[in-house]
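Reader: I would like to learn how to read strand pairing, burial and aromatic contacts from a model. Please take one feature at a time.

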Amino acid sequence: MQDEYRTVARAGVHETEVNRSRFLCALAPAATEQEAQDFIAAVRKEHPGANHNCWAYVIGADASVQKASDDGEPGGTAGVPMLQMLLRRDMRYAVAVVTRYFGGVKLGAGGLIRAYGGAVGEALDTLGTRTRRRFRLATVTVDHQRAGRLENDLRTTGREVRDVRYGEAVTMEIALPDADVDAFRAWLADVTSGTARFETGGEAYGDI
């Protein structure tokens with residue numbers, strides 16, 4: 001399992017023009033292949049009169065799912081260069097759709113490859129990317145007397161507090177880099193005089 005991956009910072013559209021043809025690149029993060037396909041369908045619906053809606057997506061922190069479509073452009077001139085650009089920029093869990101409105105000038109195979117790949121690259125530059133890191137999920141259970149100060153200490157030291165639940169005791173869900181678990185356990189014992197209970201759970205990705 002990858003320790004971290006990069007993805008699109010936010011959904012958005014960036015337009016470029018090449019020899020009077022308009023290329024609108026819509027980018028979005030996609031957690032699943034279904035999300036990617038839904039995004040492609042939504043863009044198609046938005047541009048029913050376009051000459052082509054070519055697309056590519058990469059799903060999985062290890063890029064296990066990679067798919068692309070030329071949508072009627074000559075084979076290998078649209079979807080593949082788009083996919084290659086996503087991979088070259090180390091994008092994961094990301095989908096790109098490039099909508100082309102033909103401007104009357106044929107670009108040729110080389111021109112199409114540059115235009116479609118370039119549209120994705122420019123869109124990534126404009127919309128930005130973010131890095132997500134794998135974290136170990138854990139719970140800390142502590143008495144009410146120490147809870148407020150502990151939560152404050154967690155947040156001021158940059159720990160990700162995902163949830164706080166109040167019952168007989170206070171349970172906090174946190175996320176830690178795997179490498180920090182042992183050091184955190186020792187720190188927690190020190191600041192709570194050994195009264196806090198600490199349990200590790202599964203894994204999840206979060207923003208760095």
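Author: Start with a single pairing: L24 has T99 in β6 as its bridge partner. The model is predicted, and the pairing belongs to a wider match between β3 and strand β6 (residues 94–101), which run antiparallel over 8 bridges.

Reader: What is the pairing sense of β3 with strand β2 (residues 12–18), and how many bridges join them?

Author: Strands β2 and β3 are antiparallel, with 7 bridges between them. One of the paired positions is E17, whose partner in β3 is R22. The two strands make a hairpin with 2 residues between them. In that turn, N19 has a positive phi of about 45 degrees.

Reader: Is strand β3 largely enclosed or largely open, and why?

Author: Strand β3 covers residues 21–29, and 7 of its 9 residues are buried, so the rest of the structure largely encloses it. Its bridges go to β2 and to β6.

Reader: How much confidence does the predictor give the chain, and where is confidence lowest and highest?

Author: The mean pLDDT of the protein chain is 93, and 99% of the residues score at least 70. Strand β10 (residues 197–207) has the lowest confidence, with a mean of 86. The highest is in strand β5 (residues 65–69), at 98.

Reader: Which residues does S69 touch, and what does its side chain reach?

Author: S69 is part of strand β5. With a relative accessibility of 18%, S69 counts as buried, because the cut-off for buried is under 20%. Its side chain reaches the backbone nitrogen of D71 at 3.1 Å. Leaving aside residues up to four places away in sequence, S69 touches C54, W55 and G79.

Reader: How is a pair of aromatic rings described?

Author: Two values are used, the distance between the centres and the angle between the planes. Across the whole structure, a search finds 5 aromatic pairs. One of them joins F184 and W187: the ring centres are 5.5 Å apart and the planes stand at 35 degrees, so this pair is tilted.

Reader: Where do F184 and W187 sit relative to one another along the helix?

Author: Both are in helix α5 (residues 181–191), 3 residues apart, which means about one helical turn separates them. F184 is buried, at 0% relative accessible area, whereas W187 is partly exposed, at 27%.

Reader: What is the geometry of the pair between F184 and F198?

Author: That pair is tilted too, with 5.3 Å from centre to centre and 50 degrees between the planes. F184 belongs to helix α5 and F198 to strand β10, so the contact ties together parts that are 14 residues apart in sequence. F198 is buried, with a relative accessible area of 12%. Through these ring pairs F184, W187 and F198 are linked into a cluster.

Reader: Which residues does UniProt assign to the feature "domain: UPF0029", and what is the make-up of that stretch?

Author: The UniProt record, an unreviewed entry, places this feature at residues 140–194. Over those residues the chain is 44% helix and 31% strand. The C-alpha atoms at the two ends of the stretch are 12 Å apart.

Technical notes:
Residues are numbered from 1 along each chain as its sequence is written. This is a predicted model: local features need pLDDT of at least 70, side-chain atom pairs count only at pLDDT 80 or more; totals for chains, interfaces and linings use all residues. Side-chain values use heavy atoms; hydrogens and water are left out. UniProt positions are given in the numbering used here, feature names are shortened, and annotations may be inferred rather than shown by experiment. Helices (H or I, at least four residues) and strands (E, at least two) are DSSP runs, numbered from the N terminus. Buried means under 20% relative accessible area, exposed over 50%, partly exposed in between (1.4 Å probe, protein chains only). Two strands pair if DSSP finds at least two bridges between them. pLDDT is the predictor's confidence in each residue, from 0 to 100. Rings of Phe, Tyr and Trp (its six-membered ring) pair if their centres lie within 6.5 Å; planes under 30 degrees apart count as stacked, over 60 as edge-to-face and the rest as tilted. A polar contact is a pair of N or O atoms within 3.5 Å; within protein, one must be able to donate a hydrogen and the other to accept it, and residues adjacent in sequence count only if both atoms are side-chain atoms. Contact means heavy atoms within 4.5 Å.
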